[in-house]
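Here's a quick tour of a few local features worth a look in your viewer. Keep the sequence open alongside.

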Amino acid sequence: MEKFEESLEGIISPSHPPIIGIVSLAATASELKIGTVLKKSSGAYAAAGNSDTPSAILLENVEGHSSEAVNARVLLHGLAVESRLLNSSQEAPNSTLLGKLSGTGIYLTQAGWDESNFN
């Protein structure tokens, strides 16, 4: 199995091959941290609130960009480590948002990234 980049900071569980894509993030003044759950809105992706329908998980930190959209890597399908996820307030998402992730093909696990996964 190929080793994932360490910058993914344990968001993806390597026990199931992920589908990673590049998406356009809507303009926002706020920084978005790795692990932020995203929704699709008006053709771009934005941080999802606890009552939103999720579409992806952000796989890199993105600085605020209030004047234009930017591209970022996201998890579109695979296993995500639940304890590493964030909502639009950059806090742990509630069970409602987490429960909707499986509808997008993202499933949750508690197992984190570990060097032993590659030995």
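## The E2–E3 hairpin

This is a predicted model, and a good place to begin is the hairpin of E2 and E3, where 2 residues sit between the strands and Ser-42 takes a positive phi near 55°. The two strands, E2 (residues 37–41) and E3 (residues 44–47), run antiparallel and pair over 4 bridges. Look across the pairing and you'll find Lys-39 opposite Ala-46 in E3.

## Nonpolar cores

Next, the inside. The largest nonpolar core has 14 residues, and the ones touching the most other members are Ile-57, Leu-75 and Leu-85. Both E5 and H1 chip in, each with at least two residues of this core. There's also a second, separate core of 11 residues, with Val-23, Tyr-45, Ala-56 and Val-62 among them. As background, nonpolar side chains in soluble globular proteins tend to be buried together.

Leu-75 keeps plenty of company: setting aside neighbours within four places in sequence, its contacts are Ile-12, Pro-18, Ile-19, Ala-56, Ile-57, Leu-59, Ala-80 and Ile-106.

## Ala-92 in its loop

Is Ala-92 buried or exposed? It counts as exposed, because its relative accessibility is 61%, and the cut-off for exposed is over 50%. Ala-92 belongs to the loop between strand E5 (70–81) and helix H1 (95–100).

Not counting residues up to four places away in sequence, Ala-92 touches Leu-85 and Asn-87. Val-37 is 55 residues away from Ala-92 along the chain, yet their C-alpha atoms are separated by 9.9 Å.

Note on methods. Residues are numbered from 1 along each chain as its sequence is written. This is a predicted model: local features need pLDDT of at least 70, side-chain atom pairs count only at pLDDT 80 or more; totals for chains, interfaces and linings use all residues. Side-chain values use heavy atoms; hydrogens and water are left out. Buried means under 20% relative accessible area, exposed over 50%, partly exposed in between (1.4 Å probe, protein chains only). Contact means heavy atoms within 4.5 Å. A nonpolar core is a set of buried Ala, Val, Leu, Ile, Met, Phe, Trp, Tyr and Cys residues joined through side-chain atoms within 4.5 Å. Two strands pair if DSSP finds at least two bridges between them.
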